[in-house]
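Hi there,

Here is the structure I promised to pass on. Have a look at it first, and then read my notes below.

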Amino acid sequence: MSDTILEVNGLQTSFYTHLGEVQAVRGLSFKMKKGDILGIVGESGSGKSVSALSLMKLIDFPGRIKAGSIVFDKKDITNYSNTKMSDMRGNDMAMIFQDPMTSLNPVFSIKSQMVEVIRRHRKVNRRDALKVAVEMLHLVGIPEPEKRIHAYPHQFSGGMRQRVMIATALSCNPKLLIADEPTTALDVTIQAQIIDIMKHVSKELHTSIILITHDLGVIAELCSRIIVMYGGMAMEKGNIDDIFYRPSHPYTRGLLQSLPRMDSHAKDRLIPIKGSPPDLMKPPSGCPFSPRCPHAMNICREEAAPTFKVGEGHTSVCWLLHKDAPAVEGYAKGEVADAE
């Protein structure tokens, strides 16, 4: 486990509302090596962002982590107090939130906000903190960072604000960076620039990155490993080739089929996934995707499938992979995997 930066086992996070318990994350487990770029993909409401907030221990009332463990850099942070986590956030682990405009305070300059973060964690004087902030802005491609650092958030475009968020997150050289939808609402040119920045950060600073998105195109450009989430659970895990060329879960296949392809004919129609995501206040007793799955069997609706190993580092939670299941084209049989 010497090269493991993060290990999550059986993570469960719920929100206790006046209507009942919303089971947002239901038993998520994975490991991440140092320097990896891990992608977590899925529809809205699949549990991606709540998983990220759980890792940072940023779940507010009425939510709480109800079970599982989080081991970061060989330290079990599951029961860390908010004070102890405050020392880690921004220093050892940092997060880029979905909307940079709401994450940056509009009444303070970029300089004021970045310098505050740097001085909080690196214990340097104001002059040195400003120097670090300028260097970080230069790293993420902000033109004339010595001048622009004195500007306010509203004086930056959406893409520039996102770069400021990345620069702020990287200013204390964290070991783990969590990026929650970092390219949402940005045009494709800016998206490509943000992807290049994150590649550069991973290579030059050796920062491990968790990228959370619903955009499989961004995932393909950036990540080495992928977790496909649905209904608060991990449906499939594997590397880029596994997920894109050898998908072993109907939900993963549905996501891929709903994407436009450059090599398709102009009149080809996209294939949507019919139906709606499950109600996590009353999640299905079996596979959460079974109501929408074209291959669903009775056992899929009644009992959750075990995790099947279908290749080296490639696992899927689907009854179609059981040796006794009916043969379906494209779905190879697997063996029940050991618990992570």
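How many bridges join β7 to strand β8, and do the two run parallel or antiparallel? There are five bridges, and the strands run parallel. Before I go on, please keep in mind that this is a predicted model.

**Around β7**

Strand β8 covers residues 208–213, and β7 covers 176–180. On top of its pairing with β8, β7 also pairs with strand β6 (residues 93–96), in the parallel sense and over four bridges. A179 is a handy residue to click on here. Its bridge partner in β6 is I96, and its bridge partner in β8 is L211.

Is β7 mostly covered or mostly open? Mostly covered: five of its five residues are buried. If you look at the side chains, L176, I178 and D180 point one way, while L177 and A179 point the other way. Both groups are buried.

L211, over in β8, is worth a stop too. Its relative accessible area is 0%, so it counts as buried. Which residues does L211 touch, leaving out those up to four places away in sequence? They are L38, G39, I40, A179, P182, V218, I219, L222 and C223. For one of these, C223, I also have a C-alpha distance to L211: 7.8 Å, with the two sitting 12 residues apart along the chain.

**Two helices side by side**

Next, find α7 (158–170) and helix α8 (residues 188–205). Their axes come within 10 Å and cross at roughly 15°. Angles under 35 degrees count as roughly parallel, which means that α7 is roughly parallel to α8. The crossing is right-handed. On the α7 side, the contact is made by G159, Q162, R163, I166 and L170. On the α8 side, I190, Q193, I194, I197, V201 and L205 take part.

**The open sheet and α1**

There is also an open sheet of four strands, with antiparallel pairing and the order β2-β1-β4-β5. Its edge strands are β2 (20–33) and β5 (75–76), each of which pairs on one side only. Strand β4 (residues 63–72) and β5 share two bridges, and F72 stands opposite K75 in β5.

Helix α1 (residues 48–55) packs on this sheet and touches β1 (4–17), β2 and β4. Its direction makes about 115° with that of β1. Why can we call α1 largely enclosed by the rest of the structure? Because six of its eight residues are buried. Those are K48, V50, S51, A52, S54 and L55.

**Some backbone oddities**

One bit of background helps here: most residues other than glycine have a negative phi, and most peptide bonds are trans. With that in mind, try these spots:

- K57, just after α1, takes a positive phi of about 55°.
- The peptide bond from F61 to P62 is cis, with omega near 10°. P62 lies in the loop between α1 and β4.
- K123 is not a glycine, yet its phi is positive at about 55°. You'll find K123 in the loop between α4 (110–122) and α5 (126–139). With 67% relative accessibility, K123 counts as exposed.
- N173 has a positive phi near 55°, again in a residue other than glycine. N173 belongs to the loop between α7 and β7. At 45% relative accessibility, N173 counts as partly exposed.

**A buried arginine**

Last stop: R292, in the loop between α11 (250–257) and α12 (298–302). Is R292 buried or exposed? Its relative accessibility is 10%, so R292 counts as buried, since the cut-off for that is under 20%. What does its side chain reach? One polar contact goes to the side chain of E43, at 3.0 Å. The R292 side chain also reaches the backbone oxygen of G275, at 3.3 Å. Not counting residues up to four places away in sequence, R292 touches E43, Y230, I273, K274, G275, S276 and P277.

Have fun clicking through it!

How values were computed: Residues are numbered from 1 along each chain as its sequence is written. This is a predicted model: local features need pLDDT of at least 70, side-chain atom pairs count only at pLDDT 80 or more; totals for chains, interfaces and linings use all residues. Side-chain values use heavy atoms; hydrogens and water are left out. Two strands pair if DSSP finds at least two bridges between them. Contact means heavy atoms within 4.5 Å. Axes are lines fitted to C-alpha atoms, for helices over the stretch in contact, and angles run from 0 to 180 degrees between N-to-C directions. Buried means under 20% relative accessible area, exposed over 50%, partly exposed in between (1.4 Å probe, protein chains only). A polar contact is a pair of N or O atoms within 3.5 Å; within protein, one must be able to donate a hydrogen and the other to accept it, and residues adjacent in sequence count only if both atoms are side-chain atoms. Angles under 35 degrees count as roughly parallel, over 145 as roughly antiparallel, 65 to 115 as roughly perpendicular and the rest as oblique. A crossing is left-handed if the near helix is turned anticlockwise from the far one by less than a right angle, and right-handed if clockwise.
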